[in-house]
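Student: I have a model open and want to learn how to read its features. Where do we begin?

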Amino acid sequence: MEKTCIDVLPLTMNSSEKQEVVCIFGTGDFGRSLGLKMLQCGYSIVFGSRNPQKNNLLPNGAEVLSYSEAAKKSDIIIIAIHREHYDFLTELTEVLNGKILVDISNNLKINQYPESNAEYLAQLVPGAHVVKAFNTISAWALQSGALDASRQAILKKENPFSTSSAWLSDSYVALGILGFFLFVLLGITSLPSVSNAVNWREFRFVQSKLGYLTLILCTAHTLVYGGKRFLSPSNLRWYLPAAYVLGLIIPCTVLVIKFVLIMPCVDNTLTRIRQGWERNSKH
């Protein structure tokens with residue numbers, strides 16, 4: 001049977017360092033996928049198989065030997081076979097003595113056996129060091145590479161969390177919620193059934209004081225939304241400002257006029273005029 005190989009692109013390569021050899025017992029889907037990833041990470045892979053001459057779809061660069069020959073080439077052996085086929089390991093007790101056996105198997109049912117697969121493996125090969133790993137990763141996830149959630153990312157030293165952006169985002173939402181709540185309150189008090197139930201002081205307070213507060217909150221909401229984009233040339237398409245900029249002209253004008261009117265020098269004069277004060281005129 002002709003052997004088919006898969007070319008791999010190393011993720012890391014350092015020719016000055018000697019490659020560490022890792023042995024994998026089993027040439028199934030998981031064994032091939034794990035061997036492919038480890039080859040890409042710079043390891044030298046040796047597969048152990050019961051039929052070394054009848055294996056295909058193996059990664060290019062991997063060696064396939066019998067179980068005993070493959071075990072002699074590495075101190076780390078990954079057992080990528082089912083528990084039902086562990087019996088042959090008893091024949092390799094002397095070869096596996098002192099080596100690290102990595103159990104990656106999972107049972108089909110909970111409490112299927114009285115002991116775990118790792119415990120069973122340790123009983124078969126008492127001289128080896130048995131550890132558990134890779135049992136939460138599927139062969140499909142290893143084969144998918146960059147298509148799954150486990151991918152390599154470029155390390156950036158700058159802090160990805162921007163405190164200023166977080167404050168702007170939270171302020172934008174908070175101002176919008178408060179402004180909308182007060183706007184609804186103003187609408188309710190404008191209903192005839194509600195306005196007739198309150199006295200003129202309460203109605204004036206809601207429509208005047210809360211009205212300006214609502215205008216301030218909604219204007220601040222839009223200002224925070226625009227942020228640094230107000231003066232950005234890239235946002236001035238066809239030399240026309242954005243809609244939220246045009247929408248701020250009237251409320252900002254009203255707030256500026258209101259600020260001028262509440263200044264003491266102006267407010268005191270207006271209050272005297274409302275009370276009937278007249279400027280003395282010369283006849």
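Tutor: With the nonpolar core. Bear in mind that this model is predicted. In soluble globular proteins, nonpolar side chains tend to be buried together.

Student: Which residues of the largest nonpolar core touch the most other members?

Tutor: Phe-25, Ile-77, Ile-79, Tyr-86, Leu-89, Leu-96 and Leu-101, out of 21 residues in that core.

Student: Which elements each supply at least two residues of this core?

Tutor: Two strands and two helices do: β2 (21–25), β6 (76–79), α2 (67–71) and α4 (117–124). Take Leu-89 as a case. Beyond its neighbours within four places in sequence, Leu-89 contacts Phe-25, Leu-96, Leu-121 and Val-125. Another core, of 17 residues, lies apart from the largest one. Its members include Leu-34, Phe-47, Ala-62 and Ala-80.

Student: Now a polar residue. Is Ser-74 buried or exposed?

Tutor: Buried counts as under 20% relative accessible area. Ser-74 has 3%, so it is buried. Ser-74 sits in the loop between α2 and β6.

Student: Which backbone oxygens does the Ser-74 side chain reach?

Tutor: That of Val-21 at 2.7 Å, and that of Ile-76 at 2.9 Å. Setting aside residues up to four places away in sequence, Ser-74 touches Val-21, Val-22, Cys-23 and Lys-99.

Student: Which residues does UniProt list for "transmembrane region"?

Tutor: The unreviewed UniProt entry lists 172–198, 210–226 and 238–262. Check such a record against the model. Residues 172–198 are 81% helix and 0% strand, with end C-alpha atoms 33 Å apart. Residues 210–226 are 100% helix and 0% strand, and their end C-alpha atoms are 24 Å apart.

Definitions and conventions
Residues are numbered from 1 along each chain as its sequence is written. This is a predicted model: local features need pLDDT of at least 70, side-chain atom pairs count only at pLDDT 80 or more; totals for chains, interfaces and linings use all residues. Side-chain values use heavy atoms; hydrogens and water are left out. A nonpolar core is a set of buried Ala, Val, Leu, Ile, Met, Phe, Trp, Tyr and Cys residues joined through side-chain atoms within 4.5 Å. Buried means under 20% relative accessible area, exposed over 50%, partly exposed in between (1.4 Å probe, protein chains only). Helices (H or I, at least four residues) and strands (E, at least two) are DSSP runs, numbered from the N terminus. Contact means heavy atoms within 4.5 Å. UniProt positions are given in the numbering used here, feature names are shortened, and annotations may be inferred rather than shown by experiment. A polar contact is a pair of N or O atoms within 3.5 Å; within protein, one must be able to donate a hydrogen and the other to accept it, and residues adjacent in sequence count only if both atoms are side-chain atoms.
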